[in-house]
Amino acid sequence: RRVHGEGRLKKDWMDLLNYEKPVSFWRREWEKHGTCAVDDRYLKDELTYFNATIVFKEIIAPKYYFDKTNFFPDPNKSYSKLFILNLIKTIWHVDGEIRCIKEHGSNHFLYELRFCLDKEMRLIDCPANQVSKRTISNNYEKKGKHGVTSQDCPDEHIFYVPRDNNLVYIH
């Protein structure tokens, strides 16, 4: 199947490893994240799934909200898990989740901000200590690597390298 709205998808869902031919990347992301929602009235097909992720990306817009709260992440400074979770609560008024990746043996980098949704696609508190049924994650892929496995973030020493163009998944 062909992915709809290729111009917008190339901007908001770029394949950093194969920018010129992103269709296989989109197909993989649809099969991994989108197909679980085909019975959902809001996310019934590829077009509505990818459009919803673009809308949520614009609504969540971490860089915009971080700037508004005068939080300007320093890539050379580490942050605590509690600080990041409190920042999410302050900005979006919900309890979110965060995931990290570990690079170069010891450093943990913020990889995802996860937000949970109810059946009407509204942000809600994520349940504590359990995998959420439906989450949206704003993916912070530091170097454009695919297949990176995220993990729980440690309580301290999390580095955050902001990017303007992040991927948003609805799980």
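**Group meeting: a walk through the model**

Let's start with Trp-26, which is buried, with a relative accessible area of 0%. Its place is in helix α2. Before I go on, please keep in mind that this is a predicted model.

Staying with Trp-26 for a moment, look back along the chain to Glu-6. These two residues are 20 residues apart along the chain, and their C-alpha atoms are separated by 10.0 Å.

Now let's step back to the overall fold. How many helices and strands does the protein chain have? The secondary structure comes to 5 helices and 8 strands. If you read along the sequence, the pattern is α-α-α-α-β-α-β-β-β-β-β-β-β. Of the 171 residues in the protein chain, 47% are buried. As for contacts with a separation of 6 or more, residues 24 or more positions apart account for 64% of them.

Back to α2, then, and its partner α3. Helix α2 covers residues 23-34 and helix α3 covers residues 46-60; their axes come within 11 Å and cross at roughly 90°. The two helices are therefore roughly perpendicular to each other. Which residues meet there? From α2 we have Trp-26, Trp-30, His-33 and Gly-34, and from α3 they meet Glu-46, Tyr-49 and Phe-50. Sorted by character, the residues of this contact divide into 4 nonpolar, 2 polar and 1 charged. So our opening residue, Trp-26, turns up again here, as part of the contact with α3.

On to the cysteines, which I know some of you have been waiting for. The structure holds 2 disulfides. One of them joins Cys-100 to Cys-153, with an S to S distance of 2.1 Å. The torsion about that S-S bond is about 105°, so the disulfide is right-handed. Where do its two ends sit? Cys-100 lies in strand β2, residues 97-103, while Cys-153 is in the loop between β6 (151-152) and β7 (158-159), so the pair ties together parts that are 53 residues apart in sequence. Are these two cysteines buried or exposed? Both Cys-100 and Cys-153 are buried.

The other disulfide joins Cys-116 to Cys-126, with S to S at 2.2 Å. Here the torsion about the S-S bond is about 115°, so this disulfide is right-handed. Cys-116 belongs to strand β3, residues 107-117, and Cys-126 to the loop between β4 (123-124) and β5 (135-139); the two are 10 residues apart. Why do we call Cys-116 buried? Its relative accessibility is 1%, and the cut-off for buried is under 20% relative accessible area, so Cys-116 counts as buried. Cys-126 is buried too, with a relative accessible area of 9%. If you number the bonded cysteines of the protein chain in sequence order, the pairing comes out as 1-4, 2-3.

My last stop is Ser-80, so please turn the structure to the loop between β1 (78-79) and α5 (81-92), where this residue lies. Ser-80 is buried, with a relative accessible area of 17%. What does its side chain reach? The side chain of Ser-80 reaches the backbone nitrogen of Phe-83 at 2.9 Å. Leaving aside residues up to four places away in sequence, Ser-80 touches Asp-155, Glu-156 and Ile-158.

That's the tour: Trp-26 in α2, the contact of α2 with α3, the 2 disulfides, and Ser-80 in its loop. Thanks for listening, everyone!

Terms used
Residues numbered from 1 in each chain as written. Predicted model: local features only at pLDDT ≥ 70, side-chain atom pairs only at ≥ 80, totals over all residues. Heavy atoms only, no water. Axes fitted to C-alpha atoms, helices over the stretch in contact; angles between N-to-C directions. Helix = DSSP H or I, 4+ residues; strand = E, 2+ residues; numbered from the N terminus. Parallel < 35°, antiparallel > 145°, perpendicular 65-115°, else oblique. Contact = heavy atoms within 4.5 Å. Nonpolar A, V, L, I, M, F, W, Y, C, P; charged D, E, K, R; others polar. Disulfide = S-S within 2.5 Å. Buried < 20%, exposed > 50% of the residue type's maximum accessible area, 1.4 Å probe, protein only. Polar contact = N/O pair within 3.5 Å; in protein donor to acceptor, adjacent residues only side chain to side chain.
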